[in-house]
Amino acid sequence: MMIRRLRRITPFQVILVTVFTALAAFMSLPIVFILNHAFKPTNELFLFPPRFFVQNPTGSNFEQLFLHATNATVPFSRYVFNSVVVVALTLISVIIVSTMAAYVLAKYQFHFKQLILSLITLSLMFAPETVGIPRYLIISGIHLNNTYLGHILPSLASPIAVFMLVGFISQIPGELLEAARIDGASHFGIFTKIVLPLAVPAIATISIFTFQGVWGDVETSTLFMQDETMRTLAFYVNSLLSGLQNSVAGQNIAAAAGLLMFIPNLIIFLLFQRKVLETMIHSGIK
Amino acid sequence: MNTEISPGITRTSTTSSIRLKWNRFWADIRRDSFCYLFLAPFLICFSVFIVIPVVMAATLGFTSYDGFGSLRFIGFDNYIALFTQDIIFLTKALPNTFLFALIVGPGGYVLAFLFAWLIHQLPIRIRDYYTLAFYAPSMAGAVALSVVWIAAFSGDRVGYLNNFLLGMGWIDAPIVWLQQPEYLLKVMIIVSLWISFSVGFLAMLAGLQTVNRELYEAGRIDGISNRLQEVFYITLPSMKPQLLFSAVMTIVTTLKAGSISTQLTGLPITPQYAGHLVINHIDDYAFIRFELGYASAISVMLLLVSYFAMRFAYRLFGSKEEL
């Protein structure tokens with residue numbers, strides 16, 4: 001009876017789906033816009049009346065973006081290279097560091113565990129923006145200015161990642177770890193052979209959030225990098241966009257750059273979308 | 001006699017019991033040493049980039065420091081100045097942030113739940129597309145989206161909003177949305193709401209999946225007659241952990257918002273301080289005027305506010321009282 005009731009399409013559902021589809025379409029307008037805008041030739045960008053959709057798609061905006069940046073003191077490829085290096089290293093390190101921490105926090109009893117857990121929960125509300133000054137002082141104090149470590153290390157302190165992983169790993173059955181221990185596996189062996197593979201959905205999830213955070217982050221580039229060659233793509237795009245409000249020049253480049261910033265996020269999310277919800281189920285604050 | 005001896009005995013017994021406890025404590029630490037080893041990398045980064053900065057900000061808040069000269073302790077002067085003399089803070093930053101946070105915070109939170117709930121009512125096959133539609137703007141990130149907002153709210157007739165409103169005949173002349181003080185904050189709020197369906201939204205979607213379906217059946221037998229009652233008596237209580245997580249995320253993103261005004265106007269300080277939020281105020285004093293002590297005092301206030309907002313969220317959704 002339950003199934004039949006679910007199968008039947010009620011008027012409520014029909015209304016819901018139509019209204020909701022319109023709403024969803026409206027909400028995703030910025031995304032549709034960014035996709036169209038990036039491919040508009042210059043004359044379409046300033047057309048009056050403005051057109052939402054692109055008429056004659058062209059890749060010239062991207063071409064100009066690359067050329068524009070290549071003529072600058074720091075070539076475009078340098079920003080891309082920096083971003084790729086920073087994102088890749090950060091992702092790998094965050095995964096290793098956070099999973100290791102979450103594994104022992106979720107599965108073992110030891111002194112200070114409760115203190116650490118409540119500190120992590122408390123620091124979920126931590127916003128790096130509020131303590132930009134001390135962070136700057138610390139980074140210059142330990143001489144990480146203008147190094148890749150200056151980009152990477154601050155993101156390693158990721159309470160959200162550890163928090164989600166703890167939630168997920170604690171529902172891995174303890175008997176499994178116990179059995180491995182009886183079979184003679186070391187702590188490190190248990191971690192690499194059992195915990196890491198089983199925690200893959202959660203790892204995928206934190207990868208998405210870490211990726212989004214690091215890929216779009218301009219703070220480390222602005223505060224910790226004084227050398228232009230060490231700054232990331234997000235910073236470059238951001239600087240292209242500032243001052244754009246009242247000018248005509250650069251609109252096309254900015255449109256292409258905006259899309260370039262968005263696409264990697266989208267790809268990563270589409271790859272892992274299912275895993276995200278699977279993980280979030282276990283990551284409430286009880 | 002007895003009374004003379006017994007204190008000595010108890011003293012030796014307490015010191016030996018303290019030593020015993022201490023030894024046991026060390027034995028425990030040694031036994032669990034691998035736990036600490038596993039935690040070490042995270043804890044080190046956590047301390048260096050989160051705990052110490054917060055402590056430093058708290059300390060700097062009591063000093064006058066320009067980043068070059070020496071620190072000078074001035075007690076509560078920064079805080080007193082903040083609440084008695086800083087006219088920009090009191091008349092612009094504070095009210096702006098208050099209004100902004102009140103609408104974007106609870107408003108965005110309720111909207112996120114509403115949309116998550118509606119998505120959950122849809123057939124399972126098509127849910128992913130809707131999730132993507134709502135989540136995509138927040139995923140695109142502020143930097144990428146400023147392209148969109150700048151074009152949409154452009155001040156001339158080519159701007160999409162102006163063009164639409166002119167076309168409908170609702171306005172006579174194009175409005176300079178991003179430069180006129182009376183519109184800027186509103187635009188900021190709309191834009192922030194648009195991108196507020198982020199981690200918290202996904203957590204709510206996941207939370208909705210955890211609700212035991214049998215509860216709805218049981219609720220119907222117990223006399224729940226409409227969906228609204230269902231939401232209040234079954235859905236919401238069942239997903240409290242995710243609601244709390246989501247609330248915490250919303251508080252953080254709302255209070256740390258500030259770059260949005262800079263991205264929209266292209267100016268670090270918005271015209272007539274119209275879009276001036278507390279974070280902009282901190283940036284102004286820290287990185288433009290280099291009054292690091294004073295800026296730290298403001299960030300301490302902001303951290304305190306977010307702490308109390310979080311306490312409030314725990315009161316609402318938490319199952320156990322902590323923190």
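This report walks through a predicted model of two chains, A and B, from the overall picture down to single residues.

## How confident is the prediction?

Let's start with the scores. For the complex as a whole, the predictor gives an ipTM of 0.84 and a pTM of 0.84. Chain B has an average pLDDT of 85, and 94% of its residues score at least 70. The weak spot to know about is residues 1-5 of chain B, where the pLDDT is below 50. That stretch makes 0 contacts in the model beyond near neighbours in sequence. Where pLDDT is low, the predicted coordinates should not be read in detail.

## Chain A at a glance

Chain A is built with 16 helices and 0 strands. Its C-alpha atoms fill a box of roughly 70 × 65 × 35 Å along the principal axes. Of its 286 residues, 43% count as buried. Take the contacts in chain A between residues at least 6 apart in sequence: 75% of them join residues at least 24 apart.

The chain is divided into domain 1, residues 1-33, and domain 2, residues 77-280. The C-alpha centres of these two domains of chain A lie 34 Å apart.

## A stretch of chain B with a record

For residues 94-313 of chain B, an unreviewed UniProt entry lists "domain: ABC transmembrane type-1". In the model, this stretch of chain B is 77% helix and 0% strand. The C-alpha atoms at its two ends are 21 Å apart.

## Where the chains meet

How many residues of each chain are in contact with the other? On the chain A side there are 75, and they touch 82 residues of chain B. Helix α16 of chain A, residues 251-280, gives the most to the chain A side, with 12 residues. Sorted by class, that side has 52 nonpolar, 20 polar and 3 charged residues.

## The nonpolar core

The largest nonpolar core holds 171 residues. Those touching the most other members are A:Ile34, A:Ala101, A:Leu165, B:Val147, B:Leu202, B:Val248 and B:Ile298. Helix α5 of chain B, residues 124-152, brings the largest share, 17 residues.

A:Ile34 is a good one to click on. Leaving out residues up to four places away in sequence, A:Ile34 touches A:Gly258, A:Leu259 and A:Phe262, along with B:Ala140, B:Ala144, B:Val147 and B:Val148.

## A covered helix in chain B

Now for helix α13 of chain B, residues 278-288, which is mostly covered: 9 of its 11 residues are buried. The buried ones run from B:Val278, B:Ile279 and B:Asn280 through B:His281, B:Ile282 and B:Asp283 to B:Asp284, B:Tyr285 and B:Ala286.

What do these buried residues pack against? On the chain B side, their partners are α4 (87-121), α11 (240-256), α12 (259-265) and α14 (292-317), and chain A adds α8 (132-141). After α13 of chain B comes B:Phe290, with a positive phi near 55°.

## Two odd backbone angles in loops

A:Phe112 is not a glycine, yet its phi is positive, about 70°. You'll find A:Phe112 in the loop between α6 (76-107) and α7 (113-123) of chain A. Is A:Phe112 buried or partly exposed? Since 14 other C-beta atoms lie within 10 Å, A:Phe112 is partly exposed.

B:Gln272 is another residue other than glycine with a positive phi, near 50°. B:Gln272 sits in the loop between α12 and α13 of chain B. With 13 other C-beta atoms within 10 Å, B:Gln272 is partly exposed.

Methods
Residues numbered from 1 in each chain as written. Chains lettered and ligands numbered in written order. Predicted model: local features only at pLDDT ≥ 70, side-chain atom pairs only at ≥ 80, totals over all residues. Buried ≥ 20, exposed ≤ 12 C-beta atoms within 10 Å, placed from the backbone. Helix = DSSP H or I, 4+ residues; strand = E, 2+ residues; numbered from the N terminus. Contact = placed C-beta atoms within 7 Å. Domains from an automatic or database assignment. Nonpolar A, V, L, I, M, F, W, Y, C, P; charged D, E, K, R; others polar. Core = buried A, V, L, I, M, F, W, Y, C linked by C-beta atoms within 7 Å. pLDDT = per-residue confidence, 0-100. UniProt positions renumbered as here; feature names shortened; annotations may be inferred.
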